[in-house]
Amino acid sequence: VSKRCFNILACVLCQRIDDCPEKYGEKRTYKEYNNLTVHYYCLLMSSGIWQRGEEDEGVYGFLIKDIRKEVNRAAKLKCNICKKKGASIGCVAPKCKRSYHFPCGVQRECIFQFMEYFGSYCWEHRPVQKLPSDESRGSSQCTICLEFVEHFPVYNILKSPCCKNAWFHRDCLQYQALSAGVFFFRCTVCNNKDKFQNEMLRMGIHIPEKDASWELEENAYQDLLQRYQHCDARRCLCRNGRDYNEPDSKWEIKCCQCCGSCGTHLACSPIQSWEENWECIECRSILAKSGNYQNQKKRSLATSEKIDVTGRFLEEPSPKCPRQSPGSQHSFLLRSPKMLCQNSLTPCTLLDLPASNKMVMSISPLINSSSRNLSVRRMQLRIQKREASNILRELKLQVNTKTTRLNINRDNIWSSALKGFRGRNFNPANTMEVKFTNCKGRVETDAFHGSKHEFFRLLMLHLQNSSLFEGSSSKNLSLDSQAIKENLYYEAGKMIAVSLVHGGVPPSYFSKTLFNCLVYGPENVKPTVEDVADFDVAQTIKMVNKVPHFRQGLKTLGVLEKIQMHPDAFSSMLCHKPERLSARILGDLFTVHCLSGVNKVKGVDFWMGYLQDVEGGESAATLEDILVFATGISSIPSIGFEPDPSVKFLHIKYPIGNRQLNCLELPITKTYEQFKSKMDFAISSSLRLEVE
């Protein structure tokens with residue numbers, strides 16, 4: 001008889017052919033016992049049979065003659081659910097005479113206790129969990145599947161006995177128990193084992209006496225032995241792809257010496273040999289911004305003449321000096337990119353620049369822990385904001401090409417915005433076009449490409465200072481009875497959602513309490529220490545309950561749902577101020593392109609050098625001016641730019657900002673001074689014309 005035939009044989013106890021180990025236990029067919037087929041749970045829970053043999057006798061220790069007797073006994077009993085014969089399981093409650101098959105009992109939500117005497121309870125007498133009288137109903141995330149679950153004890157929803165606000169789906173707990181086994185099945189919140197397992201057994205969760213599945217899997221931890229093999233350079237030059245690795249060649253992949261989770265081909269980075277150390281951009285950022293960074297400056301100046309290895313502080317991976325003897329200081333030379341040359345092992349001679357642009361700094365191996373933690377936190381926020389931007393880009397796919405035009409009066413942003421959003425033809429899924437009007441009602445000349453972004457910036461600023469919110473830097477909802485009557489909280493939530501999806505600035509002034517109320521529900525949130533300092537903010541949680549229209553407005557275009565699914569990512573955007581522009585941020589933002597025959601290294605040096613000079617106050621322009629000149633927008637939108645900003649070096653006389661393409665077209669000059677002079681002139685002239 002083939003294995004396929006075994007699978008279609010019915011269980012002798014429940015008469016079903018289903019093969020679902022998670023619901024009915026393992027299904028086995030024994031050829032030596034005349035093709036006897038049985039579900040493990042059906043056998044285990046049958047009322048008239050006991051395990052009288054050893055584990056290797058019969059079927060799981062149940063003797064064959066006992067199984068046949070149980071089948072004959074059950075054949076006389078009718079199932080109270082399906083009305084068919086063969087009901088081998090009876091309710092153990094006193095005076096209850098209900099009998100049923102195991103699958104029928106599961107379908108009717110009976111409780112089967114896989115412990116002690118393996119008792120079963122029908123749907124009327126099954127044990128239930130009681131909700132404390134002082135605990136209000138609400139909802140929270142199941143910490144296994146992360147889907148929301150209502151705080152109400154029913155068959156399919158179970159409450160943790162050790163954690164007040166820990167609720168789970170029954171199916172999630174059962175799958176977790178089958179995977180973790182008796183040794184690793186615990187509360188996912190507090191890690192309690194004994195109290196948690198006892199309650200779950202009482203409520204019918206089967207916890208097998210076995211090791212965890214991940215411990216039994218062969219080579220389960222094999223991935224930990226694998227070395228990172230991927231080129232993460234912004235532009236990989238290898239024709240065979242980023243995963244190609246050829247040892248002892250320029251296509252050998254070198255990993256970051258700090259984290260080991262980022263790599264680059266030798267040819268895709270400035271490093272020249274395998275012996276040179278290399279750090280990824282994130283690790284280098286942490287090191288460069290550490291607390292001891294400034295303290296080591298003076299000490300390293302004295303040893304600057306001994307160092308002959310140059311470093312790059314660009315987006316691309318930068319080399320450091322060759323590995324030194326243990327205990328020695330890790331010193332390296334940081335130069336402005338305008339001083340770099342293609343060969344990083346020799347002094348740069350391409351550009352004639354003053355020596356004041358050179359800085360030699362030394363980083364101690366011991367980094368101040370508080371500064372390191374701050375840098376790590378900032379890095380995490382950047383990663384989370386990137387994740388939120390990607391989610392918003394997915395939501396933007398809903399936006400169609402049909403245009404909705406808003407006429408906005410700069411002198412009365414709120415009223416004109418409210419009129420537009422409440423208009424009969426307004427559709428948040430349409431492409432938005434914004435035209436500013438002056439006090440006389442005349443349409444302003446469309447001075448720059450970012451009018452929509454400017455509108456959302458002004459609108460979010462108005463909301464921050466409006467009577468709808470209260471608090472200093474971190475805002476909570478206020479109690480404004482007039483706003484409730486006019487349904488302004490709904491409109492505010494709707495405006496915020498539309499701003500996020502259409503590329504506006506985020507309202508980065510939400511308090512943690514307000515944000516948590518939106519994500520987890522007001523009934524599950526307590527005010528934070530920071531919030532309590534604000535006036536009457538203890539009422540914030542009640543306010544979100546009383547003003548559900550704000551949450552309803554945030555549901556526009558599916559924004560609230562995504563916030564609840566990805567709270568960490570959106571918390572970085574809604575509760576933290578955007579990071580100030582820096583030379584590093586703009587350097588990462590713009591992709592540099594050059595004509596064939598143009599020295600790309602030289603062009604990148606000029607561009608990055610100019611950004612550093614602007615950041616250091618050595619130019620009349622600001623970093624915001626550069627961004628406006630290129631894109632028409634003074635800050636980076638929460639959803640990012642489309643298309644991605646770029647820099648092109650062309651044979652032109654003066655720089656040009658192509659705002660439709662977010663592109664800077666820059667001239668090719670012989671010296672850096674010429675490049676800087678032309679950049680200052682073009683940016684200042686452009687901004688002056690816009691003001692006029």
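**Exercise 1. Strand pairing around β23**

Identify the residue that stands opposite Leu650 in β25 of this predicted model, and establish how β23 is joined to its neighbouring strands.

*Solution.*
1. The residue of β25 opposite Leu650 is Pro667.
2. Strand β25 covers residues 663-667 and runs parallel to β23, to which 5 bridges join it.
3. Strand β23 (residues 646-650) is also joined by 4 bridges to β22 (residues 591-594), again in a parallel arrangement.
4. In that second pairing, Lys648 of β23 has His593 opposite.

**Exercise 2. Packing of α13 and α16**

Determine how helix α13 (residues 413-421) and helix α16 (residues 488-501) are oriented towards each other, and describe their contact.

*Solution.*
1. The helices pack at an angle of about 85 degrees, and their axes are 11 Å apart.
2. Angles of 65 to 115 degrees count as roughly perpendicular, and α13 and α16 therefore fall into that class.
3. On the α13 side, the contact is made by Trp414, Ala417, Leu418 and Phe421; α16 contributes Leu488, Glu491, Lys494, Met495 and Val498.
4. By residue class, this contact comprises 7 nonpolar, no polar and 2 charged residues.

**Exercise 3. The second largest pocket**

Describe the volume and the lining of the second largest pocket.

*Solution.*
1. The volume of the second largest pocket is about 960 Å³.
2. Its lining has 37 residues, with Tyr40, Leu44, Phe114, Phe118 and His206 lying nearest the centre.
3. At least two lining residues come from each of α3 (40-45), β3 (89-90), α6 (170-184) and α7 (194-202).
4. The lining divides into 20 nonpolar, 10 polar and 7 charged residues.

Terms used: Residues numbered from 1 in each chain as written. Predicted model: local features only at pLDDT ≥ 70, side-chain atom pairs only at ≥ 80, totals over all residues. Heavy atoms only, no water. 1 Å grid on protein atoms, 1.4 Å probe; cavity = no way out; pocket = protein on both sides within 12 Å on 5 of 7 lines; lining within 4 Å. Points joined across faces, edges and corners; volume = space filled by probe spheres on them. Nonpolar A, V, L, I, M, F, W, Y, C, P; charged D, E, K, R; others polar. Pairing = 2+ DSSP bridges. Axes fitted to C-alpha atoms, helices over the stretch in contact; angles between N-to-C directions. Parallel < 35°, antiparallel > 145°, perpendicular 65-115°, else oblique. Contact = heavy atoms within 4.5 Å.
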